[in-house]
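Thanks for coming. I have one structure to go through today, and I will keep to what can be seen in the coordinates. Here it is.

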Amino acid sequence: MQVTLKAEELKNKLGFINHAVSNKQQLPILLNLLLEAKESKLNLSSTDLEIGIQVELSAEVKQPGKITVPARTFSELVNSLSADSLTIESDGSNCVVKTNKTKSIFATMSANEFPRLFEERGVLLASINAEEMKKELNAVVFSASIDIARPSLSGVYVEQEENGFLLVATDGYRLSLKHFTAGKDDKVNLLEGKSSMIVPARAFKEALAMKEETEKIELYVSINSNQIIFEQGSIILISRLIEAEFPNYEKIIPVDFSVTASFDREEMLKAVRICSIFARDIANVIKFSLQKDKIIVSAGENIVEVDSKIKGEENEIAFNSRYLLDALSNLPSENINFEMTGPLNPGVFKTAEDASYLHLIMPIKVQE
Amino acid sequence: MNDRLDTIWQHVLKELKKKVSTANFFTLFANTGLLSLEDNIATIATPSTVVGDLLYKRFYKELKASLDEQTKENNELLFIVQALNKSPIKEKTGPLFATELNGLSEKDRKTTPILKTEIKPSQPSMIGHLPRVRKEYNFATFAVSSTNQLAFVSSQNVAQNPGQSYNPFFIYGPVGVGKTHLLHAIANHIYMQNPEQKTIYLTSEEFTNEVVEAIKNNDTSRMKKRFRTAALLLIDDIQFIEGKDRVQEELFHTFNILIDQGSQIVLSSDRPPQEIKKLEKRLSSRFAGGLTVDIEAPDFELKTAILLKKAEKYGWELSIEVAKLLANGAQDTRSLEGLLLRAITLATSLQQSEITSEVALKALGKETEEKRGSLHADDIIKEVCNFYSIKPTQLKGPKRDASLVRARQITMYMLKAELKLTLVEIGNILGGRDHTTVMHGVEKIEGQLEGNVHISQDISGIKQLLRV
């Protein structure tokens, strides 16, 4: 293998591709990147078995071939190089990286040992504006559980809807829901035989981190391989789908409410931040008291007033400060409507502009 | 997947487990299964293309060797992607999904669930019950994970086809892993199917007493008759007949007769038959003549699952975070239950309706202090180094490679959390580092403990090595 490429381009992509490099010392092949040179392209792949990333770079290929290199050392080297272009050569056993003034040699493992990331792309599910999708996803993904022992909750539920998707994520204490509607230039195909699926939250989080110039992001699903692929520009992100039953989220979404309060997200976030300092010692409990024209946010004796328009009876509810901070930092609007029925039923946060999004949090029962 | 394939696959995995580290084993084999085995082609389900391909490239030989040994045939392996739905533990969906709206929940939730200890009526009711066998020990109340799955599946097999599948059935493992539970579960299951059959459950000490008593009264015939007409004989802690020649002889004869008439024999011990010293050869070879399975000390996932099950039994809802906290603090299942009860009592005394992580930590606080004396800073350093395959000199040295830093910070965290050393002390132990460095390290790990699965996995792995 012999290939020459721009160092800058390689540096830009290495950061992301390292996201999928395993940290398991015991499976050495997964500590490596796979480099494949063919047809004026250099493909780099990494996988930790949960997700896989493949990146395509344009390069001058003098001799095609493939080789693996230890991901960490290779990345460190490339990031330290100051030359404009570099050449990667290999005779199958060693890998040599050269610039005009440097020469570095890596021990490698056989490229045949590197597992194949995917068999087929599958069916095109959607081709949508990446910025839009990422904005909407941000408001949902954070609610997913990080607990791998609960597979269904560690993913985002995706259900096909007319010209869009329903996205739901929950960890059992809070839940985010978004009806995502495709834009004018977007394309959404209905998938036969699979109207809903659970995609690992991690895959979505990585998809959010893809930084490509290309405007569209494409989603492919393969039922045979039980996998989803995100493709944007030169990056392909592969993840398995979660095979589990998503809990019945519909039954826990309140249909009516007895009081509603509207407030400014930023102002409320600041109030909760202040209270959370004092909430640490009291099991992170933060209380909302909904009064005539304000919400009193409190942690024990410490209070912050937030201006708010209240409709309905005065009421109280308490939440875990962590969930409040998460929610208020991620809600996709500045104007928030908060709805509740009583101190023991979930509190619902909605955006004032449209009804396609909601976030609900299980309250904490406080003893008087 | 039928039971036979499942059993074969469990045996194969057990072999593989010896060759692969625990963390890897879980990622690679957690969702695999043997789908079919026809014409010497074994079709193996894998969760994704990349895992399937890696198994094919890296573990084909090992899997084949083990499978061939199991089936005594020459097999070809085929890997396909297929999701298996076999999570033995029902997924907890959290309190959000436990509530019913429209005010109904309010009333229900107000009744604090303090010590509703009655066992759920969902368990199959039994006509009468067996002497010495506890009803609540059945298969449904047994929490299963990879460490005890083989024992669990085999026990179910034995209970479903007594005298036919594995005879004798020999379970061994350290204290508090559930041997007795499985024995009771087998007895209960068989008794429910067929209450007329004669079932005898006793410990080897009781067996010894009966033999001694009979010899003393010169009346061995009655005792012989009692044991030799049993359809199911379960003896717990069989290792205690070590060195008791007369008892062994009696057992030997009883054993032969029972096996001949097709009665099921189930034995438990803390070690495999061949390692029970002062046991006659003819007995130990007979003990090992059926199926011998071991139960390992519960791993972290299992301990968490057990806690959740037990909490349910006492009528308390336990969040997964709290269960993890508690699971980390206990070595075996008995101490788990003790911990849980302590947490429940604490929560009750604080008039809380839920076990918060604060309460759990308080319950743990006492627990860790009791243990602390035996643990030494050098042990922690040794095991951290073992875990990450690095040298202590590297750990204490000045290098700041990412892998070393991670190991070092985890060491700092563990020295602080386990031994309650001061920051300065920890700094000195780790090659004279500044106490602020240590503080940063400890805080970093604490901060990631919840969010980063790798870190919490690593720490529980190290704790297992340390046996804390």
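I will start with a hairpin: in chain A, β25 and β26 form one, with 6 residues between them. Before going further, please keep in mind that this is a predicted model.

The two strands of that hairpin run antiparallel and are joined by 4 bridges, with β26(A) covering residues 347-351. On its other pairing, β25(A) goes with strand β19, residues 259-264 of chain A, again in the antiparallel sense, over 6 bridges. One residue to look at is A:N337. In β26(A) its bridge partner is A:K350, and A:S262 also stands opposite A:N337. How much of β25(A) is covered? Strand β25(A) runs from 335 to 340, and 5 of its 6 residues are buried.

Next, another part of chain A. Here 4 strands make an open sheet, in the order β22-β21-β20-β24, with antiparallel pairing. Which strands stand at the edges? They are β22, residues 302-307, and β24, residues 315-320; each has a single partner strand, so one side of each has no neighbour in the sheet. On average, neighbouring strands of this sheet are turned by 20° against each other, direction ignored.

Within the sheet, β20 (residues 285-291) and β21 (residues 294-299) of chain A pair in the antiparallel sense over 5 bridges. As an example of that register, A:K287 stands opposite A:S298 in β21(A). Helix α6, residues 321-330 of chain A, packs on this sheet and touches β20 and β24. The direction of α6 makes about 90° with that of β24(A).

For chain A as a whole, the count is 6 helices and 27 strands. The chain has 368 residues, and buried residues make up 45% of them. Taking contacts in chain A with a separation of 6 or more, 66% are between residues 24 or more positions apart.

Now the contact between the chains. Chain A gives 43 residues to it and chain B gives 39. On the chain A side, the residues divide into 18 nonpolar, 15 polar and 10 charged.

That brings me to chain B, and two of its helices. Helix α11 spans residues 300-313, which is 14 residues. From its first C-alpha to its last it reaches 20 Å, close to the 20 Å expected at 1.5 Å a residue. Of those 14 residues, 11 are buried, among them B:F300, B:L302, B:I306 and B:L307. The buried list also includes B:E301, B:K303 and B:K310. What do the buried residues of α11(B) pack against? They pack against α12 (320-329), α13 (333-349) and α20 (453-466) of chain B. After the helix comes B:G315, with a positive phi near 80°.

The last item is a helix pair. Two packed helices are described by the angle between their axes and the distance between the axes. For α17 (residues 402-419) and α19 (residues 435-451) of chain B, the angle is about 90° and the axes are 8 Å apart. The two helices are therefore roughly perpendicular to each other. On the α17(B) side, the contact includes B:R408, B:I410, B:M412 and B:Y413; on the α19(B) side it includes B:V438, B:V442, B:I445 and B:E446. By class, the contact has 6 nonpolar, 2 polar and 4 charged residues.

That is the end of my part.

Key. Residues numbered from 1 in each chain as written. Chains lettered and ligands numbered in written order. Predicted model: local features only at pLDDT ≥ 70, side-chain atom pairs only at ≥ 80, totals over all residues. Axes fitted to C-alpha atoms, helices over the stretch in contact; angles between N-to-C directions. Parallel < 35°, antiparallel > 145°, perpendicular 65-115°, else oblique. Contact = placed C-beta atoms within 7 Å. Nonpolar A, V, L, I, M, F, W, Y, C, P; charged D, E, K, R; others polar. Expected span 1.5 Å × (residues − 1). Buried ≥ 20, exposed ≤ 12 C-beta atoms within 10 Å, placed from the backbone. Pairing = 2+ DSSP bridges.
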